[in-house]
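Visitor: Could you walk me through this structure? I would like short answers.

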Amino acid sequence: MDLKSGDVILATIQFSDTYETKTRPAVILFQEFDNVIIAGITSNLHMKGISLSVEEGAIKPSVIKLNYIFTISKVMIKRKLFSLTKKKRMQIYNALVSNLSELKK
């Protein structure tokens, strides 16, 4: 499977508070070897993050949660759903850089 940054995928994700897993959508931030760093996607529009519309490819209006970033193995990816536009990828990049700016202080 050919994957790149900005691809929205369906992956098996482990909950942080249990050993249970669930198939969830996520966006690939980057990958190195077989490790894939992703940000979770939710349809709970009350969550903080970057909006993702049906017109952009989501099944229903959703939010890319930049406070829900983790690493999964490439084998946990079930399939690629769609790719984000360059504009949406830049939104994610700018938000991440802004969030990480505290490290420079």
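The questions below cover the sheet, the helix and the largest pocket of this predicted model.

Visitor: In what order do the 6 strands of the open sheet run?
Guide: The sheet is open, and its pairing is antiparallel. From one strand to the next, the twist averages 50°. Read across the sheet, the order is S4-S5-S3-S2-S1-S6.

Visitor: Which strands stand at the edges?
Guide: An edge strand here has a single partner, so one side of it is left without a neighbour in the sheet. That applies to residues 50-52 and to residues 77-83. The edge strands are S4 and S6.

Visitor: Which residue in S5 stands opposite Ile41?
Guide: Strand S3 covers residues 35-42, and strand S5 covers residues 62-73. The two pair in the antiparallel sense over 7 bridges. Opposite Ile41 stands Ile64.

Visitor: What angle does helix H1 make with S5?
Guide: Helix H1 spans residues 86-100 and packs on the sheet. H1 touches S2, S4 and S5. Its direction and that of S5 make an angle of about 75°.

Visitor: Which strand gives the most to the lining of the largest pocket?
Guide: The largest pocket has a volume of about 240 Å³. S1, S2, S3 and S6 each supply at least two residues of its lining. The strand that gives the most, with 3 residues, is S6.

Visitor: How many residues of that lining are nonpolar, and how many are polar or charged?
Guide: The lining of the largest pocket has 16 residues. Nearest the centre lie Pro25, Ile59, Lys60, Ser62 and Leu81. By class, the lining has 4 polar, 3 charged and 9 nonpolar residues.

Note on methods
Residues numbered from 1 in each chain as written. Predicted model: local features only at pLDDT ≥ 70, side-chain atom pairs only at ≥ 80, totals over all residues. Heavy atoms only, no water. Pairing = 2+ DSSP bridges. Helix = DSSP H or I, 4+ residues; strand = E, 2+ residues; numbered from the N terminus. Axes fitted to C-alpha atoms, helices over the stretch in contact; angles between N-to-C directions. Contact = heavy atoms within 4.5 Å. 1 Å grid on protein atoms, 1.4 Å probe; cavity = no way out; pocket = protein on both sides within 12 Å on 5 of 7 lines; lining within 4 Å. Points joined across faces, edges and corners; volume = space filled by probe spheres on them. Nonpolar A, V, L, I, M, F, W, Y, C, P; charged D, E, K, R; others polar.
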